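Here's a quick tour of the structure you have on screen. Grab your viewer, keep the sequence handy, and let's go through it topic by topic.

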Amino acid sequence: MSSRMGSKIRSLISIIRLAGLAVAALGMWGFATIAEDVLGKQSYAFDTSILLYLRSLHTPLRDGVMLGFTFLGEPKLLLVICLTLGIVLLARNHRSEAATIALAAGGAIGLNLLLKKLFARDRPQLWERVVNVTFYSFPSGHAMISMVIYGLLGYFLGARFPKQRWSIYSLTVVLIAAIGLSRLYLGVHWPTDVIAGYTAGLVWLITCIITLEIWKELRSFTTASKEEFLSPEPSPEITND
């Protein structure tokens, strides 16, 4: 009975995760479809004005700071963070959390690559860039993947340190926002790329957190039921008439 229950739970979790990826993809498709003129024509002046304004703010010090933030969103670094966090979680027997971070990262990277190839939007060429980028622009991988990975890391830390929860959440938001801003400052993304990356990343992040919480609740329920089933029945009291 418990095996059948576990199979149903795993099927439910898989369906929710696949639905989350589908919702993120459909959300991006809807965004691009509705804003087709914005992405291709009408938003050009808006996007360009923002990037040129940020270009006017360039200084050697700010360049260094923004390069540092963009490094924090590099896929290779995020992969190292995921592997390290997964090992730590497994060592502490938090298998559900370790599986969640692996699926969250894999889903975010896969969806981002799919959307980039689907829309094939060219990157801005408004000035000579100091960073080398070769792939498509929409949506921003730095924005999308950092939203998922750092968002999940912030969620785990907030659960581990409840008294500092809101400070952790605030710092997480600032970090994710700074990574997206750095991509604009460096001229490698349009503003709509970053907005789209955040949108898809947030949908997938919420999906991963919800499925993790559902899994933990169902697992605690089935464990409690099993313990109650296996616990010895109280012996009848012997009374003297």
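P139 sits in the loop between helix 5 (95–119) and helix 6. A cis peptide bond links F138 to P139, with omega at about -5 degrees. Keep in mind that you're looking at a predicted model.

**Loops worth a look**

- Another loop to visit runs between helix 4 (75–91) and helix 5, and N93 is found there.
- N93 isn't a glycine, yet it has a positive phi of about 65 degrees.
- Is N93 buried or exposed? Its relative accessibility is 56%, so N93 counts as exposed.

**The whole chain**

- How many helices and strands does the chain have? There are 8 helices and 0 strands.
- Going along the sequence, you'd read the pattern as α-α-α-α-α-α-α-α.
- The chain has 241 residues, and 39% of them are buried.
- Take the contacts between residues at least 6 apart in sequence: 79% of these join residues at least 24 apart.
- About 14,600 Å² of the chain is exposed, and 67% of that comes from carbon and sulfur atoms.

**Helix 6 against helix 7**

- Now find helix 6 (residues 141–160) and helix 7 (residues 165–185), which pack with their axes 9 Å apart and at an angle of about 170 degrees.
- Why call the two roughly antiparallel? Angles over 145 degrees get that label, so helix 6 is roughly antiparallel to helix 7.
- On the helix 6 side, the residues that meet helix 7 are H142, S146, M147, Y150, G151, G154, Y155, L157 and G158.
- On the helix 7 side, their partners are R165, I168, Y169, T172, L175, I176, I179 and R183.
- Sorted by class, this contact has 9 nonpolar, 6 polar and 2 charged residues.

**H142, a buried spot in helix 6**

- H142 is part of helix 6, and its relative accessible area of 8% makes it buried.
- What does H142 touch, once neighbours within four places in sequence are left aside? Its contacts are T70, G73, E74, P75, I179 and R183.
- Two of those names should ring a bell: I179 and R183 are also among the helix 7 residues that meet helix 6.

**F156 and its surroundings**

- F156 also lies in helix 6, and with a relative accessible area of 13% it is buried.
- Setting aside residues up to four places away in sequence, F156 touches L85, L89, E97 and L212.
- If you go from F156 to I168, you move 12 residues along the sequence, and the C-alpha atoms are 9.9 Å apart in space.

**Aromatic pairs**

- How many aromatic pairs are there? The count comes to 2.
- One pair is Y155 with F156: the ring centres are 6.1 Å apart and the planes are at 55 degrees, so this pair is tilted.
- Y155 counts as buried, at 19% relative accessibility, and the cut-off is under 20%.
- The other pair is W166 with Y169: the ring centres are 5.3 Å apart and the planes are at 90 degrees, so this pair is edge-to-face.
- W166 and Y169 are 3 residues apart in helix 7, so about one helical turn separates them.
- Which of these two counts as exposed, and which as partly exposed? W166, at 65% relative accessibility, counts as exposed, whereas Y169, at 24%, counts as partly exposed.

**Y169, facing helix 6**

- Y169 belongs to helix 7.
- Not counting residues up to four places away in sequence, Y169 touches G154, Y155 and G158.
- Those three residues are among the helix 6 residues that meet helix 7.
- How far apart are the C-alpha atoms of Y169 and Y155? They are separated by 7.4 Å, with the two residues 14 apart along the chain.

Key
Residues numbered from 1 in each chain as written. Predicted model: local features only at pLDDT ≥ 70, side-chain atom pairs only at ≥ 80, totals over all residues. Heavy atoms only, no water. Helix = DSSP H or I, 4+ residues; strand = E, 2+ residues; numbered from the N terminus. Buried < 20%, exposed > 50% of the residue type's maximum accessible area, 1.4 Å probe, protein only. Contact = heavy atoms within 4.5 Å. Areas by Shrake-Rupley, 256 points an atom, 1.4 Å probe, with all protein chains shown as cover. Axes fitted to C-alpha atoms, helices over the stretch in contact; angles between N-to-C directions. Parallel < 35°, antiparallel > 145°, perpendicular 65-115°, else oblique. Nonpolar A, V, L, I, M, F, W, Y, C, P; charged D, E, K, R; others polar. Phe/Tyr/Trp six-rings, centres within 6.5 Å; stacked < 30°, edge-to-face > 60°.
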